[in-house]
Amino acid sequence: MEFNYSQILSTSMVLFAIIDILGAIPIVIELRKKAGHIQSEKATIVATVLMVIFLFAGESLLKVIGLDVASFAIAGSMVIFFIAMEMILGLTIFKEGDAPETVSIVPLAFPLIAGAGTMTTLLSLKTEYATQNIIVGILINMMFVYFVLKNTERLEKLFGKSGLNVLRKAFGIILLAIAIKLFRNNTGL
């Protein structure tokens with residue numbers, strides 16, 4: 001088991017862009033207002049566990065339903081494409097339901113942090129990178145997610161609405177490029 005720092009950096013950046021916790025700060029603040037309190041530790045741990053389980057069991061689950069990882073990666077590239085378009089153009093393609101009383105697990109840990117886009121991305125990354133490097137990328141991102149959840153109000157004041165908007169659009173462009181790369185690598189185009 002050898003760690004590759006280039007792969008760790010790549011997976012960390014991809015997951016950082018797809019999780020988009022900085023872009024989600026306004027959503028987190030709104031959830032905090034509705035619920036009164038968010039358990040940052042609980043949300044981070046649940047999201048991390050979900051991602052690691054899906055990283056290991058996701059491929060087996062796909063085999064049970066008769067899909068291969070390349071097909072899932074192509075489908076994932078399309079999901080990532082649409083998420084990127086949301087970020088860049090300010091559209092809302094994927095709708096979120098109403099927030100329940102306890103927001104630390106649903107909708108914060110799942111699907112906001114460890115949602116369909118993240119799960120799809122994990123399996124797509126698995127086609128290109130070593131599993132241990134992806135796990136390190138997950139852990140790095142979850143430490144950052146925890147920091148952001150603990151400091152959402154301070155970060156909102158620091159970046160301002162326009163700063164958060166610029167970050168969201170910049171990571172949208174990165175995601176768009178990632179989606180195209182995943183599509184090309186798994187279709188042979």
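# A guided tour of the helical packing

At 4% relative accessibility, Asn 141 counts as buried, since the cut-off for burial is under 20%. The model on display is a predicted one. Select Asn 141 to begin; this residue belongs to helix 7. With residues up to four places away in sequence set aside, show what surrounds Asn 141: Thr 11, Ser 12, Leu 15, Phe 16 and Ile 19 are the residues it touches.

**The nonpolar core**

Keep Ile 19 selected and add Met 51, Ile 113 and Leu 175. These four have the most contacts inside the largest nonpolar core, a set of 49 residues. Colouring by helix shows the contributors: helix 1 (5-19), helix 2 (25-35), helix 3, helix 4 (69-89), helix 5, helix 6 (116-126), helix 7 (131-150) and helix 8 (152-187) each supply at least two residues of this core. Helix 8 provides the largest share, 8 residues.

Next, centre the view on Ile 113. Which residues is Ile 113 in contact with, leaving aside its neighbours within four places in sequence? The list comprises Ile 19, Ile 21, Ala 47, Met 51, Leu 108, Thr 118, Met 142, Val 145 and Leu 149. Two of the names in that list, Ile 19 and Met 51, also stand with Ile 113 among the residues with the most contacts inside the core.

**Helix 3 against helix 5**

Select residues 40-64, which form helix 3, and residues 104-113, which form helix 5. The axes of these two helices come within 9 Å and cross at roughly 45°. That angle makes helix 3 oblique to helix 5. The crossing of the pair is right-handed.

Show the side chains at this contact. From helix 3, the participants are Lys 42, Ala 43, Val 46, Ala 47, Leu 50 and Met 51; from helix 5, they are Ser 104, Ile 105, Leu 108, Ala 109, Phe 110 and Ile 113. By class, the contact of helix 3 with helix 5 contains 10 nonpolar residues, 1 polar and 1 charged.

**The turn after helix 1**

Move to Asp 20, in the loop between helix 1 and helix 2. Inspect the backbone here: phi of Asp 20 is near 50°, a positive value in a residue other than glycine. Is Asp 20 buried or exposed? At 8% relative accessibility, Asp 20 counts as buried.

Step back into helix 1 and select Val 14. With a relative accessible area of 9%, Val 14 is buried. Apart from neighbours within four places in sequence, Val 14 is in contact with Thr 121, Leu 125, Leu 175 and Ile 178. For a distance across the model, draw a line from Val 14 to Leu 155: their C-alpha atoms are separated by 21 Å, and the two residues are 141 residues apart along the chain.

**Helix 2 against helix 8**

Leu 155 leads to the next contact. Helix 2 and helix 8 pack at an angle of about 135°, and their axes are 10 Å apart. The two helices are therefore oblique to each other. Helix 2 passes helix 8 in a left-handed crossing.

On the helix 2 side, display Ile 25, Pro 26, Val 28, Ile 29 and Arg 32; these meet Thr 152, Glu 153, Leu 155, Glu 156 and Leu 164 in helix 8. The composition of the contact between helix 2 and helix 8 is 6 nonpolar, 1 polar and 3 charged residues.

**Helix 4 against helix 8**

Keep helix 8 in view and add helix 4. Their axes come within 8 Å and cross at roughly 160°. Angles over 145 degrees count as roughly antiparallel, and helix 4 is therefore roughly antiparallel to helix 8. The crossing of helix 4 past helix 8 is left-handed. In their contact there are 19 nonpolar, 4 polar and 2 charged residues.

**Two stops within helix 4**

Select Gly 76 in helix 4. Gly 76 is buried, at a relative accessible area of 1%. Not counting residues up to four places away in sequence, Gly 76 touches Thr 120 and Ser 124. From Gly 76 to Met 51 the C-alpha separation is 15 Å, for residues 25 apart in sequence.

End at Met 78, also in helix 4. Its relative accessible area of 43% makes Met 78 partly exposed. Thr 120, a contact of Gly 76, serves as the last reference point: Met 78 and Thr 120 are 9.8 Å apart, C-alpha to C-alpha, and 42 residues apart in sequence.

Technical notes. Residues numbered from 1 in each chain as written. Predicted model: local features only at pLDDT ≥ 70, side-chain atom pairs only at ≥ 80, totals over all residues. Heavy atoms only, no water. Axes fitted to C-alpha atoms, helices over the stretch in contact; angles between N-to-C directions. Helix = DSSP H or I, 4+ residues; strand = E, 2+ residues; numbered from the N terminus. Parallel < 35°, antiparallel > 145°, perpendicular 65-115°, else oblique. Left-handed = near helix turned anticlockwise from the far one by under 90°. Contact = heavy atoms within 4.5 Å. Nonpolar A, V, L, I, M, F, W, Y, C, P; charged D, E, K, R; others polar. Core = buried A, V, L, I, M, F, W, Y, C linked by side-chain atoms within 4.5 Å. Buried < 20%, exposed > 50% of the residue type's maximum accessible area, 1.4 Å probe, protein only.
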